[in-house]
Amino acid sequence: MKPLPGFRDLFPEDFARRSYLVGRWRETARRYGFVEFDGPTLESIELYRKKNSGGEILGQLYEFTDKGERGVALRPEVTPTLARMVAARHRDYPKPLRWFNVGTCFRYERQQRGRLREFLQFNCDLVGDATPAADAEVVALLIDLLRSFGLGPQDFAIRLSDRSAWHDFLTRNGIEKERAGEFLTIVDRMEKMPPEKTEELLAPFGIPLTTLQEFIARAEIPALAPLLADLEARGLREYVRPDLGVVRGLAYYTGVVFEAFALQGNLRAIAGGGRYDRLLSDLSDGDVDLPAVGFGVGDAVLLELLKECAGAKDQEATALKADAPVQIYLVIASEDHRTKALGLAQQLRGEGWRVSYPLGEERVGKQFGAAETAGASLAVVIGAEWPRLKVKRLSDRHEEEMGEDVLAAWLQEQRNLRPET
Ligand code: HAM
């Protein structure tokens, strides 16, 4: 039987790739002083229906009535949960909050490359600061995150926009505030739709497609100037492109919005985020009014991207090799000394090394084969000469002989090989 469409089995080699990804996520967030939190995967449906989450996500909810007759949904994103949690306990934390989360999300999406129905999402959010300095901090974090995988300016860019520019446009064109959401959804989908279709959807607003296209092409977004200057000061300006074509699908964004996209191939957005200054207030019925800005990245689309970019692919291969499941393989060449081998395995494991050996009698050649397959760096041969040992470096077949009593000290001296601490 197969898993459901859009759900994944992660076999060990898939899990290793994802662990590499998640390791870099956490490491980068911590470099920016962010702390990790988590919330429930199942939430009350009201959390998503209440005013603001909105957009197409509502149509993609995995929702049901639980045994207690509550309307519930698997979380399609983490931002509403974060807003709910921060609103409940914000007095306990100094502002601004720098919080990150690595969590599973569910969306009943149409199947396409890099888009699944169950995926892991990494979110970084900065709550309690309404300035462009906070926007820049979050955008810089996203850029550094992608760079940590060996991706460069030839591989990705961040499209930056500001919803306030669109609100000015709507005011100038006499469109009421209440219809802004509907209008922005059209702009959001425009790139994926044939022009005739966009024209048709725009008709009720009385705005010709050409007016919209001219507005986007103008590309002047004065509100972005401080954010761009901040990124310039960090040496990150080359990664960002002001682009009014980005408005984002979610309803709660209020100001700056951005999306990371791949410069080659036709992958959908790698990451997306923006400023949502009213979500906390809306979800707490006005009790807590804190501005916020953040972004989310999914694992699936990033894993696809890493396969395509040469530098990133090499870096991933090196990292996975360095994280091999076995570092030291004990080759038991003489069954008479199996008990010694068991003692040695336990001793080395106690020192933090990843150690394996054959559970039963095997030909020596087969044992070396097993050592290679497991990715071991060293084979330690235990033979008739015990307590003398042979240590073989598998990368270049270099061999050394030594007494069993000096092995531990010798291992500690090996560069590029470290036990787990
Ligand atoms: P989003 O644009 O819906 O924003 O999702 C952010 C990222 O999550 C996407 O760019 C993509 O990498 C990943 N993602 C979304 N849907 C799927 C899917 N079906 N399969 C795989 N990956 C997916 C949000 O979710 C906002 N809550 C982000 C945010 C945080 N805004 C402020 N703070």
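Trainee: What makes the largest pocket a pocket, and which residues lie nearest its centre?

Mentor: In this predicted model, 46 residues line the largest pocket, and Arg115, Arg248, Glu259, Arg268 and Ala269 lie nearest its centre. On a 1 Å grid over the protein atoms alone, a pocket is an open set of points with protein on both sides within 12 Å along at least five of seven lines, whereas in a cavity a 1.4 Å probe fits but cannot get out; lining residues have an atom within 4 Å of a point. The lining divides into 19 nonpolar, 13 polar and 14 charged residues. Here Asp, Glu, Lys and Arg count as charged, Ala, Val, Leu, Ile, Met, Phe, Trp, Tyr, Cys and Pro as nonpolar, and the others, Gly among them, as polar.

Trainee: Which element gives the most to this lining?

Mentor: Strand S11 does, with five residues. Strands (E, at least two residues) and helices (H or I, at least four) are DSSP runs, numbered from the N terminus.

Trainee: On what numbering and confidence do these statements rest?

Mentor: Residues are numbered from 1 along each chain as its sequence is written. Local features need pLDDT of at least 70, side-chain atom pairs count only at pLDDT 80 or more, totals for chains, interfaces and linings use all residues, and side-chain values use heavy atoms, with hydrogens and water left out.

Trainee: Why does Cys105 form no disulfide with Cys124?

Mentor: A disulfide is a pair of cysteine sulfur atoms within 2.5 Å. The closest cysteine sulfur to that of Cys105 is in Cys124, 13 Å away, and is therefore too far for a bond. The whole structure has zero disulfides.

Trainee: Why is Cys309 called buried or exposed?

Mentor: Buried means under 20% relative accessible area, exposed over 50%, and partly exposed in between (1.4 Å probe, protein chains only). Cys309 has 9% relative accessibility, so it counts as buried. Cys105, at 0%, is buried as well.

Trainee: How do Asp285 and Arg397 count?

Mentor: Asp285 has 57% relative accessibility and therefore counts as exposed. Arg397, at 45%, counts as partly exposed. Asp285 has a positive phi near 50°, and Arg397 has one near 65°. Most residues other than glycine have a negative phi.

Trainee: What makes helix H11 mostly covered?

Mentor: Seven of its ten residues are buried, among them Asp299, Val301 and Leu306. The elements that cover the buried residues of H11 include helix H1 (12–31), S9 and helix H12 (310–322).

How values were computed: Contact = heavy atoms within 4.5 Å.
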